[in-house]
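Okay, hi everyone, thanks for squeezing me in. Let me put the structure up and then walk you through a few parts of it.

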Amino acid sequence: MTQTPPVNIAEVMSLGGRPPGSRREIKIIDTTLRDGHQSIWATRMRTSHMLEMIEDFDAAGFEHVDLVAPIQFDVAVRYLKEDPWERVRLMHKHAPNTTFRALIRSKNLATFDFLPDDVIAAWVDRLVANGFQEIGAFDGLNDVDNISTALLRAKRLGAETFGAVSFCESPVHTDELFVAKAQELIEKADVDRIMLKDAGGLLTPDRIRTLVPALKAVIGDRPLEVHTHSLTGLAPLVCLEAVELGADSLHTSIAPLATGNGQPSTQGIVRDLRALGYTVNVDDERIASISRKLLDITEEEPDKPVGVPHEYTGLHYMHQTPGGMLSNFKSQLEAAGLADRFDELMLEVARVRAELAYPIMITPFAQHVGTQAVMNVMSGERYKVVPNEVKKYALGYYGKPLAALDPEALEKILANGSANIAEEPAPIPPMMPSLQERYPDEDIDLWLLRAQFAGTQVDDMKRVMAEGGAEREKRMPTLDLITSLYDSTPAGRQVLRSGDLQITLEKGEN
């Protein structure tokens, strides 16, 4: 593996740098193929994109490569019309030296409502059967009971597991609470690792200085990994501070799929860690090669932007909304002719979140809070319209809130929410037997997709795949372009030129 030239630490210190750390090794968990494009490209990286870079990923030296959470399945099926299970199998096939990881979202997976236990169990089984040996889970309320069964099942199947302590800022989200949740993950789920998951990019250097030592003190020799986002521009410093205080692994993404709404850039974090005296055994040339390929994609496809660093804003700490939702809010308000009320909406998000006992602004609760805030602003009367999911949240359908809801808000939610929602959730009946009966010619992977995607979405995906999607995902975008040009041109000789590159197409008569 190649590394950047040694850094002159004395020179760094003279420029205001920090004292060099020990030579201990810091591991890098790559997020480019999951959260990187989820945050910057709205999860629109195709399987063909991934296969272009897979050899570099396999040789880059990452501790793990983060590949899927439920949203990757969602977008693949509904928008890209790709089979996400086939993507998983292809990636494992072409990167035999890589440990890919999968993340489970509570009992929701890709839905907003809880799924039956047999679906969750089958999901874990199929993750392992399709190659994953590193599986973790998170819950938006840090309700460990919602994820412990899945984690224990993964562990019994031979996978290493990690439990996420989901971070946010609020009066109830104290260091003591996060420490208690880490201990609960170890006691109830026997996880092998703890991930400090800051989906909202809310961690600050001051907070990390108290939180990392507190977590390290109770998790024993289990690795502590830190996952944050660059929404306020503080993430790189947060990561470096975390390492100085004992964190073992950092989540980073390769620029240009980094910064902004995403993770800190791998290139910048690796450079700075080495400057501080840490050992980081990743291959810089492979990372640079991936970066060039990502840039090529952004140039070929205008809808895929380059990650741009965000300016610090204190308002973010009030509403704590993930970056991907902010653009949605803006478009919704513009469509309603209320674009000038964006700041008002953000303040309403903060108010609703406080009234709902400070749920962490990650899926699905970010959507619940955000939707209620939009309805409050657009209707002109707070809680006049209440989404079903908000009433279900208030009644404990998704787990127990960490504090009591605001009494006045709760009264309106219960009064104005759907009368068809029972005060207590009923047991969820098994789903897999009925899916097997309805689709006897399909396999369990497709049944699991049907459990989450209603209507014709899975059928539409299957149709596109049958029409050639499976072959297209194995090609390069450039080859797709050439093939398209060949098919659309008349017989004879065609020459394509770009700079020093020349491609000649010879097409005979049909």
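I'll start with the sheet, then move to one helix, and finish on a single serine.

Quick housekeeping: this is a predicted model, where local features need pLDDT of at least 70 and side-chain atom pairs count only at pLDDT 80 or more, while totals for chains, interfaces and linings use all residues. Residues are numbered from 1 along each chain as its sequence is written, and side-chain values use heavy atoms, with hydrogens and water left out.

So, the sheet. Eight strands close into a barrel, in the order S1-S2-S3-S4-S5-S6-S7-S8, with parallel pairing. Strands here are DSSP runs of E, at least two residues, and helices are runs of H or I, at least four, numbered from the N terminus. Two strands pair if DSSP finds at least two bridges between them. S6 and S7 (residues 224-227), for instance, are joined by four bridges, and Leu 196 sits opposite Val 226 in S7.

Now helix H8, residues 175-189. Its 15 residues should span 21 Å at 1.5 Å a residue, and the end C-alpha atoms are indeed 21 Å apart; the expected span is 1.5 Å times one less than the number of residues. Its buried residues include Leu 177, Phe 178 and Ile 186, buried being under 20% relative accessible area with a 1.4 Å probe, protein chains only. Right after H8 comes Asp 190, with a positive phi near 55°.

Last one: is Ser 265 buried or exposed? Buried, at 16% relative accessible area. Ser 265 lies in the loop between strand S8 (249-252) and helix H11 (266-275).

Notes. Buried < 20%, exposed > 50% of the residue type's maximum accessible area, 1.4 Å probe, protein only.
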